[in-house]
Amino acid sequence: MKISSKKNSSAKLARKAKPAAARSAKPDARLLDAEQFLLPTYKRQPVVMTHGRGAYVFDSTGKKYLDFLGGIAVNALGHAHPRVVRVIRREAARAIHLSNLFHNAYQGPLARKLSEWSGMDRVFFSNSGTEAIDGAMKLARLYGRKTDEPAGTTAKKHRFLALENSFHGRTFGAVSVTSTEKYRLPFAPLVPGVDFVRFNDVADLEAKFDDTVCAILIETVQGEGGIYPVSEAFWNRARSLATQHGALLIADEIQCGLGRTGRCFAYQKFSSKPDIVLIAKPLAAGLPLGAILTTEDVASRVSAGMHGTTFGGGPLACATALEFLHIVEDEDLLENIRARGSELREGLTKLATKFDFIRAVRGEGLMIGVELSVEGGPFVSEAMQRGLLINCTHDFTLRFLPPFLITRAQVREFLKLLELVLATTPRQASAPDSANSADPQRVAHATAR
Ligand SMILES: Cc1ncc(COP(=O)(O)O)c(C=O)c1O
C-alpha cells in the first residue's frame, strides 16, 4: 500500500499541541495526527484524555481534572462505574451485535423499564440524539397524513414548530428544527415547513399553530441554548393546541432527561404528558444509544419497514442502559441529584454576590448555567489549567453537567476551584445588553445565531 506523503506543517502543529506535550520534549504524535487527518469540526483542547475514575478524568501527562462537563451530559455515572464495567465485559464476550432481524435479551426489558419511567407505551432505539429527532419527525409526518392523502404527496398537516434558541442535533431533520443560524444556513435548503416560535411566548405560539402543523418540538430545558426551562404556561398551551389540531407534542429530553433535573424526566413537573419523548446522552452510560418513546396511538401508524437502523438497540448497549437505569434506582441517585443540585445553586448564588459579572444562575438538579456579562471561553481555559472541566455555551453561559453520583465534598471542591477561576481569569468582551436579561425570551433573540 502506498503511504500518503502529506506533510505535517510541524512547527504550527507543535505550537498548538504544546500544553499536553509541555512536559515531554517532543509534541504528542497523537495530537499531530488528529490535527492533520481529522475533519476540523471541533476546536479541541490540545490534550489527550486517557481515562477516568468516578468524577475525575486524567490526561496523558497524568494530570487530574474534576469533571463537571460529564462528556456533555453523557457520563451520568462518572467513569469506570464497576457495575457498568462488569456488564460491558460480560456482554462483549457474548454478543456485541446481532441485528434487528432477531430479538436480543435486553431490548424488550429495556423498553419496558423506559415505559415505566416515562409513562410512554412504545420504544424505538437509535444510536444518537439527532437520529431520534429525525425518527420522531418522520413519525409526526406519518401521524399527520390522512388516509385520503396518498404517500408521495405533501400532506396538508406537515409543518413543524420549534423554539427559538433551540438545539436538536446535526442531521438534516434535526438541524432544520435547530434555530442557530450558523448551524443551519451553510446547508440550505433544509427540511421545508419549519417555523420558529419565540421562547416561552404563548401569543406567538398561538399565532403560528394551525391545522397544517404536525408537531411542535420542545426541549423541556434548553441545554445548548444556555439552560432555559420552558414555562408551565407555554407547555400547557402547546399541549392543548397540539391536541386541538391533531398534532404531536415532542419533548426533546436528550440532555435534560433520564434524571438530570432530579426527576426521571423534566416534563414530569407538568401535569400533562407529551406524545413523544426523545432521549440519548446518558442512556447507555457512555455507549451510543438513543430512543424514541411514544404512545400506542402514534405507534399504531407504524408498520414493518417504515423506519429502521442497523446498530440501534444492540445487546451490548441495551444491557448497559438497563444497568444504568437500575443503578440510578438502586443508588437513589435522583435524591442525590436534587440535594447536590441545590448545594451547587446555593454556592453559585453566593459567588454571584462576590463577582458582579455573574448575571444569573439558572437550572434544575445537575443541569446548571451561570450567565456572565463577559465572554466565558477564558474561564473554561483557566478552569482546565486548574484541573476543572466545564464548558461555555452561547459564548456567555458557563454550563455545569456533573455526574449524578457527585458527592458533597466534590461540590465543595468544585465551588472552591470555580471561585479561584473567577477571581484570576482576565476578563474579555462584554455580553450585549440584550443577552444580559433574566428574561429568556429576550435572551433567545440575542443569542440565536
Ligand atoms: C437537547 C439536545 N437534542 C439533541 C441533541 C443531539 O444529540 P446527539 O449529539 O446525540 O446527536 C443534543 C446534543 O447535544 C441535545 O443537547
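Q: Before we look at this predicted model, what does buried mean here, and under which cut-off?
A: Buried is a matter of relative accessible area, worked out with a 1.4 Å probe and protein chains only. A residue over 50% is exposed, and one in between is partly exposed. To be called buried, a residue has to be under 20%.

Q: With that in hand, which residues of H14 are buried?
A: H14 takes in residues 333-354. Its buried residues are Leu 333, Leu 334, Asn 336, Ile 337, Arg 340, Gly 341, Leu 344, Gly 347, Leu 348 and Leu 351.

Q: How many degrees of arc do those buried residues cover around the axis of H14?
A: Over on the other side of H14, you'll find Glu 346, Lys 350 and Thr 353 exposed. The buried ones sit on the same side of the helix, because the arc they cover is only 155 degrees.

Q: What do the buried residues of H14 pack against?
A: Two helices and several strands come into play here, so to speak, and the helices are H13 (315-330) and H16 (408-424). The strands that the buried residues of H14 pack against are E13 (358-364), E14 (367-372) and E17 (397-400).

Q: How far does H14 reach from its first C-alpha to its last?
A: H14 has 22 residues, and at 1.5 Å a residue 32 Å is expected. The model comes close to that, with a reach of 31 Å.

Q: How far apart are the end C-alpha atoms of H11?
A: Helix H11 runs over residues 232-245, which makes 14 residues. At 1.5 Å a residue they should span 20 Å. The model agrees, because the end C-alpha atoms are apart by 20 Å.

Q: Which strands are included in what covers the buried residues of H11?
A: The buried residues in H11 are Phe 234, Trp 235, Ala 238, Arg 239, Leu 241, Ala 242 and His 245. Their cover includes helix H10 (202-208). It also includes the strands E5 (159-163), E6 (194-197), E7 (213-219) and E10 (248-252).

Q: Which residue follows H11, and with what phi?
A: The phi in question is positive, near 65 degrees. The residue that has it, just after H11, is Gly 246.

Q: Is Ser 272 buried or exposed?
A: Ser 272 has its place in the loop between E10 and E11. Leaving aside neighbours within four places in sequence, it is in contact with Trp 235, Asn 236, Arg 239 and Tyr 267. Its relative accessible area is 17%, and the cut-off is under 20%, so Ser 272 is buried.

Q: Which side chain makes a polar contact of 2.5 Å with Glu 91?
A: Glu 91 is found in helix H5 (residues 82-92), and it counts as buried because its relative accessibility is 3%. Leaving aside neighbours within four places in sequence, Glu 91 is in contact with Ile 96, Leu 316 and Ala 319, among others. The side chain that shares the 2.5 Å polar contact with Glu 91 is that of Tyr 106.

Q: How far apart in space are Val 84 and Phe 324, C-alpha to C-alpha?
A: Val 84 is also in H5, and it is buried, at 7% relative accessible area. Not counting residues up to four places away, it touches Leu 77, Ala 285, Thr 320 and Ile 327. In sequence, Val 84 and Phe 324 are 240 residues apart, but in space the value is 7.2 Å.

Q: What share of the ligand's accessible area does the protein cover?
A: The residues around the ligand include Ser 128, Phe 167, His 168, Glu 219 and Lys 281. A polar side-chain atom of Gln 255 lies 2.8 Å from a ligand oxygen. On its own, the ligand has 390 Å² of accessible area, and the protein covers 83%.

Q: Which residue does a cis peptide bond join to Ala 188?
A: Most peptide bonds are trans. Here omega is about 0 degrees, and the partner of Ala 188 lies in the loop between helix H9 (181-184) and E6. That partner is Pro 189.

Q: What is the phi of Leu 258?
A: Most residues other than glycine have a negative phi. Leu 258, in the loop between E10 and strand E11 (276-279), is not a glycine, yet its phi is positive, at about 60 degrees.

Conventions:
Residues are numbered from 1 along each chain as its sequence is written. This is a predicted model: local features need pLDDT of at least 70, side-chain atom pairs count only at pLDDT 80 or more; totals for chains, interfaces and linings use all residues. Side-chain values use heavy atoms; hydrogens and water are left out. Helices (H or I, at least four residues) and strands (E, at least two) are DSSP runs, numbered from the N terminus. The expected span of a helix is 1.5 Å times one less than its number of residues. The arc is that of the directions from the helix axis to the C-beta atoms. Contact means heavy atoms within 4.5 Å. A residue is near a molecule or strand if one of its heavy atoms lies within 4 Å of it. A polar contact is a pair of N or O atoms within 3.5 Å; within protein, one must be able to donate a hydrogen and the other to accept it, and residues adjacent in sequence count only if both atoms are side-chain atoms. Accessible areas come from the Shrake-Rupley method with a 1.4 Å probe; for residues, only the protein chains shown count as cover.
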